[in-house]
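Reader: I'd like a close look at one loop and the strand that leads into it, and then a tour of how the rest of the chain compares in what is covered and what is open. Keep it casual, but spell out the reasoning as you go.

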Amino acid sequence: MNEVRCVRNLRDPGVPSPSKSSEDEARHQILMERAKRKSSTSQLGMQRPGIGKQGPLPCFYRYMMAFIFAVDEINNNPNILPNITLGYHATDYCNNANNAIDHTLQILSGPTTTVPNYCCNNHGKLVGFIGNHFTKTSFCIVDMINLYGYTQISFGATDSLFSNKQIYPSFFQTLPSDQTQYLAISKLLKHFSWTWIGVIASDDESGEKQTQELRKVTEALDICIEFIIRLKPDELTKEISLEKSKNTFMSSTSRIVVCSGTVSFSTMYFMELECDEGREKTFIVPASSVIHVILSAEAISSFLGSLVFSPPTKKIPHLKAFLQNISFETRPNDTLLEQILASYFKCSTSHPSLNDLLESYFNIKLHTCKRIIRLGELGRQVYNTDAFGTTYQVYKAVYAIAHALHEMQIYFSKNPNDSYGNNPKQMHKFLRRVRFQDPTGENVYFNEKGEMDAVYDIHNYASVSGKKIVFQKIGRFNASAQEREQLIIGEGGMHWKHGVAPISRCSPDCPSGYRKVFRRGKHKCCFACVQCSEGEISNHTDKGSCQKCQEDQWPNDNDQCEQKIIEYLSYRNDPIALTVSIISTFCFVKTAVILVMFFRYPISCILAKTLQVYMAFKATKPGSVWKHIIGPKMTNCVVFIFSFIPILCNVGSILAFSILLGYMGLLAAVSFIIAFLARNLPDSFNEAKNITFSMLVVCSVWVAFIPAYMGVPVSKCSEDCPAGYQSILTKGIHTCCFECMPCAEGEISNETGKNIDRCIQCPGDQWPNDRNQCVPKAVEYLSYIDDPITLMISVITLFLFVNNSLILGIFIVFRDTPVVKATNQSLSFILLVSIMFSFLCVLLFLGRPIHATCMLRQTSFGIIFSVAISSILAKTIMVYVAFKATKPGSEWRKFIGVKITNCLVFICSFIQVVISIIWLWIAPPFPEKNSDLYVNKILLQCNEGSMLAFSILLGYMGFLTVVSFLVAYLVRNLPDSFNEAKNITFSMLVFCSVWVAFIPAYMSVTGKNTVLVEIFAILSSSVGILACIFFPKCYIIIMRPSCNSKKILFKHT
């Protein structure tokens, strides 16, 4: 019988179908946990026409009917579970976690009071659960069912945690996890080049997890999330938070919005009534949301053109007729069916109290329906019976659990002596390897994650002719296909909001010939496009860098590198070269003729000629000394001296070229000045006037040459970019008009002007100084001079070394006393010396790393500590042997002696020596400069060469420590005269604690802090051994000498 609990909470125990009975018939019971989404309209704070209060949704009722249909099909099929009839028990807990736990316990315990771990059912055998549709309540059920070992198949839960078979070994899913679902969404975004998106997520655990999955896969595909708006799944957010979300949504520039988590009526309200911008955006809805089921006429406009993921739809044989013919006559005791007829046809139920409740809740007037009403009259929009999506998932789940049960029955019939017996709690092992073909022809199986095939249909939510709303299939995603064939989209019949596919990018693609420049503090999808530098190309759109052409190539207009044109003054192709050649030849011939005419006058330099004119005039005076100077030798000497100087400046540099021109100008100026001074000589020496005029022409020509050669800017569209900036050309604007952007981190530009098309990356050992000069990075290491920490560690190390030396001295002085003898003198001395050296080896970690210190620091530390721990291990073993040897006639006496302990110390230490030698032979540590760790400084550090060798060294030392600790712990309760084992136990406990804490600390810090962590571990562990083992003995020797006697020592023996 049916029992009405509330409008949304119905529990309906079913009856098994009467078929396939036999004397061995055993009734098995399958529990289907099914939930309906709660209406959240009553919490919206207002009544909205067209939506109102939501009653039972026929789509969820269709899931249960498909479940019953599958059970009946299996019971009527003689090839599956012969002699076994499947029964069921369906519960509805209104998507409430408390109801889910209560109803599940009641199914496990029986119809009476729920009693954990006890079952009162006197018929039927529970074999598994099917459900739930939602992740939140599925967690509640699976955590409980796992304790009992029952199998559960969900047809809607998609949380990635369910795929962990170590946590949920008996949980299976007909749908893939959120990870696969959002991978499909990301590939869809990439297909349409939508790299700038927004996210609307439910403010709950489901929304948070799905948003994290979405962020993870989108980052891998270079897709940026502009905003994330979180809304309560079942109620509207507070006004302040809602207003903030509204402002974020309205100011956003992305045109694509992905829904994640639990999409509810509050999302519809936010999109339709609060945000007009929603009508401009295209939504992508994952399969885990059932938004297309609860959309009303009011909320349709915002979601037109959206893309909806859903499970693949199938046509199940005979199910359509079954669903369409469901009526109260065929299911007279179905209270849920009565509620649906009351909600959609206003038919009164057979329960007056329920009628009053429905009329009050929905504010409607019920009447008695005289004709037979079938659910097929609801229409395809509300009750689709043509193709089945989630309904098919329920159908598959029933068949999967039936086939697994069938395989289990066959196995145990062949293996009746199996230790597990025919126990339904073992069914998940058979379900994991089940593989069959269902009545639709689909191959059904579960993968290693407990999921069925990851296949999604992609639908376009569209309006046809402005009235009819349809879900048009436009593509499919199959995760098991090859990479390029996973996503198949047919864009021909898609209906977009404005007739064309939306564009959702923060920045447009950079065209060919341009490269991306990322802006600091912005998303990587928001960038500027900078024209490639001269000599570089970018022949693909949206490239992050340009490619430099080879030296003999140059970019053409098609952004391809082609061979450069070879240019020179060619005699063939250049008319200028031909003209210059003719003029030069003419001038040469003319000069040669003049040279022949003046051959007897060997003056070949203008300066020499000018001097000759001047001296000739002076020599005309009586008794002049200039007569002795005039002659060819003097002029030739002047020509040679002043011509030899430019030969010395024949160096390939701009400076040498400038000196050469300057020297030539000096000669011209001197020649001009001397000629100018001699211009007024008598006419018989009038060559000076000609020389003056010729030098004036020469100076004028070469003075005009300098600015023409150097070039002078006249007009600018944009001011020159200062140092530390680069010029960025804007597409469609003149190349002289540009913007100046600061250089990126680690780059400089120490020039000004418009042609600073890119900044220069500083070398690895340098860093920009205000982005206009590369300066050497600061070098960091544990320096004795500049680092106070190094000085402090050195002082502490020397103090501990002196302290250790004093203890060693005390033991040497009092070596014949009972206390020292009882601790095995030789081992104590070895241990003290090794601890002393362990303090000193800290100094190898300080100062500037060199090859010697890098090779010695880890190996010396490992060998010294191995000697120390080997000594402690030998001391502990000798304590045990000494105790055993005290018994009369004991054979342990022959093991007492120095040779045994020394041999043990040598063997244990020698193994560490071999490890160190192999390490230094194969991959020795070496100093290196790490310029990648910090942006503004270089870290001088020791590269260990082989982390495996370093790990083996530490691992062997840890092995010795653990063995010493265990041996000391076992002999800790020996008589007090041999109580050194207690001290050793405590010292090894301190030692282990230090080095166990060292590993995560060493891995989590960087730079010189890693060295400091290791130094601290060495010092603290050495001090721990010294304090725990030797301080008590020093106290007795120095402060309590009366106790240092055999009488006291053996008092308690």
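Author: Let's fix one term before anything else: a residue counts as exposed when its relative accessible area is over 50%, as buried when it is under 20%, and as partly exposed in between. Keep in mind, too, that this is a predicted model.

Now your loop. His318 sits in the stretch between strand 12 (306-310) and helix 10 (319-324). Its relative accessibility is 65%, so His318 counts as exposed. The backbone has a quirk here as well: the phi of His318 is positive, about 70°, although the residue is not a glycine.

Step back into strand 12 and the picture flips, since five of its five residues are buried. Ser306, Val308 and Ser310 point one way, while Leu307 and Phe309 point the other way, and all are buried. So what runs alongside? Strand 11 (residues 282-285) is joined to strand 12 by two bridges, and the two run parallel. Within that pairing, Ile284 is the residue opposite Leu307.

Two other loops are worth holding up against yours. Ser193, in the loop between helix 4 (178-191) and strand 8 (196-202), also has a positive phi without being a glycine, near 60° in this case. At 35% relative accessibility, Ser193 falls in the middle class, so call it partly exposed. Then there is Gly110, placed in the loop between helix 2 (97-109) and strand 5 (125-130). A loop position doesn't have to be an open one: the relative accessible area of Gly110 is 1%, so this glycine is buried. Gly110 also has a neighbor in space, Cys120, which is ten residues away in sequence but 4.9 Å away from C-alpha to C-alpha.

What about charges? Side chains of opposite charge can pair when their charged atoms come close. The count for this model is 14 salt bridges. One of them brings Arg230 and Glu208 together, with 3.3 Å from N to O. That pair ties distant parts of the chain, with Arg230 in strand 9 (residues 224-231) and Glu208 in helix 5 (residues 205-220), 22 residues apart. Arg230 is at 29% relative accessible area, so it is partly exposed, and Glu208, at 33%, is partly exposed too.

Other bridges have a covered partner. In the bridge between Arg331 and Asp334, the closest N and O atoms are 2.8 Å apart, and Asp334 is buried at 2%. Asp457 and Lys473 meet at 3.4 Å, N to O. They too link distant parts of the chain: Asp457 belongs to strand 15 (residues 455-464) and Lys473 to strand 16 (residues 468-478), 16 residues apart. Here the two ends fall in separate classes, because Asp457 is at 0% and counts as buried, while Lys473 is at 45% and counts as partly exposed. Elsewhere, shared partners join Asp159, Glu205 and Lys209 into one salt-bridge network.

Now for a couple of helices. Helix 22 (residues 825-841) has 17 residues, so at 1.5 Å a residue it should span 24 Å; its end C-alpha atoms are 24 Å apart, which agrees. Its buried residues include Leu827, Leu831, Ile835 and Phe839. An α-helix has 3.6 residues a turn, so residues three or four places apart point the same way. Polar names turn up among the buried ones in helix 22 as well, including Ser828, Ser834 and Ser838.

For nonpolar side chains that sit at the surface instead, look at the patch of about 880 Å² whose members include Phe906, Phe910, Val914 and Trp921. Val914 is part of helix 24 (residues 898-922). With a relative accessible area of 32%, Val914 is partly exposed, so the middle class applies again.

Finally, the whole chain. It holds 28 helices and 32 strands, and 46% of its 1053 residues are buried. Roughly 54400 Å² is exposed, with carbon and sulfur atoms supplying 59% of that. Of the contacts between residues at least 6 apart in sequence, 66% join residues at least 24 apart. Set against that backdrop, your loop has an exposed His318 and, leading into it, a strand whose five residues are buried.

Methods
Residues are numbered from 1 along each chain as its sequence is written. This is a predicted model: local features need pLDDT of at least 70, side-chain atom pairs count only at pLDDT 80 or more; totals for chains, interfaces and linings use all residues. Side-chain values use heavy atoms; hydrogens and water are left out. Helices (H or I, at least four residues) and strands (E, at least two) are DSSP runs, numbered from the N terminus. Buried means under 20% relative accessible area, exposed over 50%, partly exposed in between (1.4 Å probe, protein chains only). Patches are made of residues with over 30% relative accessible area and no salt bridge: like charges are joined within 9 Å, nonpolar side chains (Val, Leu, Ile, Met, Phe, Trp, Tyr) within 5 Å. Accessible areas come from the Shrake-Rupley method with a 1.4 Å probe; for residues, only the protein chains shown count as cover. A salt bridge is a side-chain nitrogen of Lys or Arg within 4 Å of a carboxyl oxygen of Asp or Glu. Contact means heavy atoms within 4.5 Å. The expected span of a helix is 1.5 Å times one less than its number of residues. Two strands pair if DSSP finds at least two bridges between them.
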